[in-house]
Amino acid sequence: MNRCFRFLLVCLAIAAGSAFAQGLQRSAPKDVVLGRIAVTAPPQITLDGKPDRLSPGARIRDLNNMLVLSASIVDKPMPVVYRRDAVGLVHEVWQLTEDEYRKLGGAGSGADGARRFAELLTLIFGARR
């Protein structure tokens with residue numbers, strides 16, 4: 001009887017956890033920059049055509065918010081938004097579709113452009129599941 005009760009509790013916990021995860025919304029990353037990245041030989045990258053480096057422990061997320069190993073995307077240029085660490089190395093990267101990249105690139109510059117960029121980014125990441 002005791003085993004059955006434990007099994008039931010485990011099943012309920014799993015069901016509750018999956019139901020909770022379905023309700024989560026992805027939030028847009030803050031303080032990011034738009035760019036195009038290509039991994040040449042990890043941790044070496046090109047960012048908007050210029051040589052750069054990934055930080056140790058850099059996180060690259062695909063369109064499904066899944067972590068991607070840098071070695072798996074060698075020589076595959078992609079549009080992204082990214083954030084640097086305190087040393088100036090690229091630390092966090094979120095992949096975008098070409099359409100998302102075009103929308104964000106047309107956000108403009110200045111104070112209004114920054115606000116528009118943040119709004120578009122929130123819309124893009126809010127639409128993803």
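In what order do the elements of the chain run from the N terminus on? I looked this up first, and I read the order as α-β-β-β-β-β-β-α-α, which fits the count of three helices and six strands. Here helices (H or I, at least four residues) and strands (E, at least two) are DSSP runs, numbered from the N terminus.

I note that this is a predicted model, in which local features need pLDDT of at least 70 and side-chain atom pairs count only at pLDDT 80 or more, while totals for chains, interfaces and linings use all residues. Residues are numbered from 1 along each chain as its sequence is written, and side-chain values use heavy atoms, with hydrogens and water left out.

Next I looked up burial, and 29% of the 129 residues of the chain count as buried, meaning under 20% relative accessible area with a 1.4 Å probe, protein chains only.

I then turned to the largest nonpolar core, a set of buried Ala, Val, Leu, Ile, Met, Phe, Trp, Tyr and Cys residues joined through side-chain atoms within 4.5 Å. This core has 13 residues, of which Ile37, Val90 and Val93 touch the most other members. Strands 1 (33–41), 2 (44–47), 3 (50–61), 5 (78–84) and 6 (90–95) each give two or more residues to this core, and strand 5 gives the most, with three.

For valine 90 I looked up contacts (heavy atoms within 4.5 Å); leaving aside neighbours within four places in sequence, its partners include Ile45, Leu47, Leu54, Ala58 and Tyr82.

Last, I found a second, separate core of 11 residues, with Phe117, Leu121, Ile124 and Phe125 among them.

Conventions. Buried < 20%, exposed > 50% of the residue type's maximum accessible area, 1.4 Å probe, protein only.
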